[in-house]
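Subject: Structure handover

Hi,

Here is the structure I promised to pass on to you. Have a look at it first, and then read on for what turned up.

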Amino acid sequence: MPALGYVPGTLSLWFALLAGLSTVAAYARALSLQPAGGAPYEAAVALGRRLYASFAASILIASAILMYLLLNHDFRLSYVTSYSGKDLPLRYLVSTFWAGQEGSFLTWLFWGAVIGFFVLRSAKEQEPPVMAVYVLSFLGIVAILVKQSPFRFLAQVPQDGQGLNPLLQDPWMVIHPPIMFAGFASLSVPFAFAIAALWTKRWDGWVVRAMPWALFTFVSLGAAILMGGYWAYKTLGWGGYWAWDPVENTSLVPWLATTALIHGMFLQRTREKHRKINVILAILAFCCILYGTFLTRSGVLADFSVHSFVDLGITGWLVGIIVVFLFGGLALLAWRWREIPVVADVDPETGKEKEEPF
């Protein structure tokens, strides 16, 4: 069935999309039933957990299928032919998984699926809103992969693939992208907790549960930035990290926003301050990832960056995803703005109270 591509992989992506939408719907129903509690609420939460397990399993299966096809040189697939070859050593053959647009998106989803199981266990009473937003944050990427599948067949099957770009045949290619995409995926967690806090008006508890994931993002993106900087400066000869290549800034700018978020979350946890600014930072840090993805994958910088991707017809999808999460998050924040409590400080000189600006 050439139109479908490789059927097991294609169906796993379609099932992930359907299971993800069903997960969001189940948790939304659980949220509506939460005030009353009881058996209907518990049943809705249990259904949401099962559907999330199906969603995550579909992503993991799709990832395993693509890796299997790469390792077995199945040149029927356009993705395998474009990035792999029979002469590649095993470590570089594995790294072809994230060498192209479709595979790198699937790497992002892989980490999101794994991280989601830990989020599900730690969210506790916030599970319905947190998991609904968390899964929703990945559905746009799933939809892109359904449209631009890594499992598409070629009209004619070549004897060998085009191979991995020689500049990418470096040990850093094996470890740098997966670590970076783990940081990308983990940024969905503070975002999901912040949006859930806005929706349910639970202003403080979210920072305790989101803090470990903000720290994880800080460490993983920081490590990826150092690896990428060393790789670019010492190995690839691209003029040094501070040449400000847009792909490098895709991880640098969210890392800076996450650094500010961690500081604000610490102050909120210890002094109950900066509730508003922390929500803003959680939204902006996540949307910086989305905006960076748009810059590097829409083709708008293809002539200016040595490792930006060409346009594959997903520009409108990426813009739509940014609009939904940025303006949706800010609109919800604006709706709740006056309800978010603000702590007053005491001026040491006058002894009078003064409210924090946010």
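Two residues are in contact when they have heavy atoms within 4.5 Å of each other. Please also keep in mind that this is a predicted model.

With that in hand, let me start with T96, which sits in the loop between α4 (90-95) and α5 (101-122). Apart from its neighbours within four places in sequence, T96 touches L70, Y79, Y83, S84, L88 and L164. Is T96 buried or exposed? Its relative accessible area is 0%, so T96 is buried.

P150 is another loop residue to click on, placed between α6 (127-147) and α7 (171-186). It has 1% relative accessibility, and P150 therefore counts as buried, the cut-off being under 20%. Leaving out neighbours within four places in sequence, P150 is in contact with L13, L66, L77, Y79, E102 and L145. Y79 is thus on the contact list of T96 and on that of P150. P150 also pairs up with A62 across the sequence: 88 residues separate them along the chain, while their C-alpha atoms are 9.6 Å apart in space.

Now for the overall picture. The chain has 12 helices and two strands, and in sequence order the helices precede the strands, giving α-α-α-α-α-α-α-α-α-α-α-α-β-β. Of its 358 residues, 54% count as buried. Among contacts with a separation of 6 or more, 76% are between residues 24 or more positions apart.

Next, the helix packing. Two packed helices are described by the angle between their axes and the distance between the axes. For α2 (residues 38-71) and α5, the axes come within 9 Å and cross at roughly 145°, and the crossing is left-handed. On the α2 side the contact includes R49, Y52, A53, A56 and L66; on the α5 side, G103, L106, F110 and F117 are among the residues met. By class, the contact of α2 with α5 divides into 14 nonpolar residues, four polar and one charged. A62, the partner of P150 in the distance given above, is one of the α2 residues in this contact.

The other pair is α8 (residues 188-200) with α11 (residues 275-297), whose axes come within 9 Å and cross at roughly 140°. That angle makes α8 oblique to α11. This crossing is left-handed too. From α8, residues S188, P190, F191, A194, I195 and L198 meet V279, A282, I283 and F286 of α11. Nine residues of that contact are nonpolar and one is polar, with no charged residues.

α11 deserves a few words of its own. Its 23 residues reach 34 Å from first C-alpha to last, close to the 33 Å expected at 1.5 Å a residue. The helix is mostly covered, with 18 of the 23 residues buried.

Finally, here are two backbone spots for your checks. K201, in the loop between α8 and α9 (205-236), has a positive phi of about 65° although it is not a glycine. H274, in the loop between α10 (246-271) and α11, likewise is not a glycine and has a positive phi of about 65°. K201 is partly exposed, with a relative accessible area of 42%, and H274 counts as partly exposed at 21%.

Happy to talk it through whenever suits you.

Best wishes

Key. Residues numbered from 1 in each chain as written. Predicted model: local features only at pLDDT ≥ 70, side-chain atom pairs only at ≥ 80, totals over all residues. Heavy atoms only, no water. Axes fitted to C-alpha atoms, helices over the stretch in contact; angles between N-to-C directions. Helix = DSSP H or I, 4+ residues; strand = E, 2+ residues; numbered from the N terminus. Parallel < 35°, antiparallel > 145°, perpendicular 65-115°, else oblique. Left-handed = near helix turned anticlockwise from the far one by under 90°. Nonpolar A, V, L, I, M, F, W, Y, C, P; charged D, E, K, R; others polar. Buried < 20%, exposed > 50% of the residue type's maximum accessible area, 1.4 Å probe, protein only. Expected span 1.5 Å × (residues − 1).
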